[in-house]
Amino acid sequence: MVKITQIFSAKTLLILTLTLSVFAGSPWFTKSLAYADSNISNEPNGLTGLSPDEVSIVRRVEGYLNDLKSVSARFIQISSNGSLSEGKVSIQRPGQMRFEYDPPVPIIMIANGATLLYFDKKLKQSTYLPLWKTPLWFLIREKVELHKDIQILSAQESDSTIQLELKAEGESDGTQMTLLFSDNPISLRKWEVVDAQGITTQVSLINPVYDTTIDEDIFKTDDLDLKRQNPEK
């Protein structure tokens, strides 16, 4: 059974235990960055302490994400607590995202604009949460600016991969995220989240399809919002 605290930060009671893909870590440990005098620059706060090469990597990723229109894929979600699940993810920028787990996990999550609907098919319960409280909020906002509201802890690239390690500015519960991209051409492949309890959740995209038209109906929530359907309950 997937627990809500495994998918989003414990502070906001969201669920990222099996499918929201890409980060690692232990309980919000404080990562100290060595700010050498030679690295001091006029870059925005979120890039402070990064080398020129790291800043270049971040800018490349920002450019890719801003050009990205959509992603559709199967996903595999693995948690360090031993849980494993699969499902389908659809992301359409800006503002829309849907995660639906395969049975027996009864969870559907839909972002549509400024909020995210968390729906439990088994309990028939729907809950709304602020979109910015979800790990991937920055990915679906209209303009991706990783240096705003996000602290880039490191940026690395090899011949075939790019990896960004980051956390939201002002987060006190320790949630941290890692994004993994394939390179040449650059494309999102995986993400990993480490929550406040030190639980690591990895989400890998399987056979992703990029920049195709997605049926808008899958992002509608009216049929899942039981409170609106039954306002007296």
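**View 1. Strands S2 and S3 meet in an antiparallel pairing.** Let us start with the stretch where S2 and strand S3 (residues 96-101) run antiparallel, joined by 6 bridges. Everything shown here and in the later views comes from a predicted model. Look for Val89, whose bridge partner in S3 is Phe99. The two strands belong to a hairpin with 3 residues between them, and there Gly95 takes a positive phi near 90°. Keep Phe99 in mind, as we come back to this residue further on.

**View 2. Strands S1 and S2 form a hairpin.** Moving to the other partner of S2, we find strand S1 (residues 70-79). S1 and strand S2 (residues 84-92) are paired in the antiparallel sense, over 9 bridges. Two cross-strand positions make handy landmarks: Ile78 stands opposite Leu84 of S2, and Val71 stands opposite Ile91 of S2. The hairpin has 4 residues between its strands, and Gly82 in the turn has a positive phi of about 100°.

**View 3. Strand S1 also pairs with strand S11.** Here 8 bridges join S1 to strand S11 (residues 200-210), and the two run antiparallel. A good place to rest your eye is Phe75, which has Leu205 as its bridge partner in S11. How much of S1 is covered? Of its 10 residues, 7 are buried, and the strand is described as mostly covered.

**View 4. Eleven strands line up in one open sheet.** Stepping back a little, the strand order is S6-S5-S4-S3-S2-S1-S11-S10-S9-S8-S7, with antiparallel pairing. Why does one side of S6 and of S7 lack a neighbour in the sheet? Strand S6 (125-130) and strand S7 (150-157) stand at the edges and each has a single partner strand, so one side of each is left without a neighbour there. From one strand to the next, the twist averages 20°. For orientation along the sequence, the protein has 3 helices and 11 strands, and they follow the pattern α-β-β-β-β-β-β-α-β-β-β-β-β-α.

**View 5. Helix H1 lies across five strands, with the edge strand S7 among them.** The strands under discussion are S7, S8, strand S9 (176-182), strand S10 (187-194) and S11, and H1 runs at about 100° to S7. Within this part of the sheet, S7 and strand S8 (residues 161-168) pair in the antiparallel sense over 7 bridges. To locate that pairing, find Ile152, which stands opposite Leu166 in S8.

**View 6. The largest nonpolar core holds 46 residues.** Which of them touch the most other members? They are Phe138, Leu146, Phe181 and Trp191. Helix H1 (residues 52-67) supplies the largest share of this core, 6 residues. A second core, separate from this one, has 7 residues, including Ile108, Ile110, Phe219 and Leu224. In soluble globular proteins, nonpolar side chains tend to be buried together. Over the protein, buried residues make up 51% of the 233 residues.

**View 7. Aromatic rings from several strands come together in a cluster.** A search of the whole structure finds 5 aromatic pairs. In one of them, the rings of Phe75 and Phe99 have centres 5.8 Å apart and planes at 65°, so the pair is edge-to-face. The partners come from distant parts of the chain: Phe75 sits in strand S1 and Phe99 in strand S3, 24 residues apart. Are Phe75 and Phe99 buried or exposed? Both are buried.

Phe99 also pairs with Trp191: their ring centres are 6.1 Å apart and their planes stand at 90°, so this pair is edge-to-face as well. Again distant parts of the chain are linked, with Phe99 in strand S3 and Trp191 in strand S10, 92 residues apart. Trp191, like Phe99, is buried. Taken together, ring pairs link Phe75, Phe99, Tyr101 and Trp191 into a cluster.

**View 8. Surface and contacts of the protein as a whole.** To close the series, here are two overall values. The accessible surface comes to about 11,400 Å², and 51% of that belongs to carbon and sulfur atoms. Among contacts with a separation of 6 or more, residues 24 or more positions apart account for 55%.

Definitions and conventions:
Residues numbered from 1 in each chain as written. Predicted model: local features only at pLDDT ≥ 70, side-chain atom pairs only at ≥ 80, totals over all residues. Heavy atoms only, no water. Buried < 20%, exposed > 50% of the residue type's maximum accessible area, 1.4 Å probe, protein only. Pairing = 2+ DSSP bridges. Contact = heavy atoms within 4.5 Å. Areas by Shrake-Rupley, 256 points an atom, 1.4 Å probe, with all protein chains shown as cover. Core = buried A, V, L, I, M, F, W, Y, C linked by side-chain atoms within 4.5 Å. Axes fitted to C-alpha atoms, helices over the stretch in contact; angles between N-to-C directions. Phe/Tyr/Trp six-rings, centres within 6.5 Å; stacked < 30°, edge-to-face > 60°.
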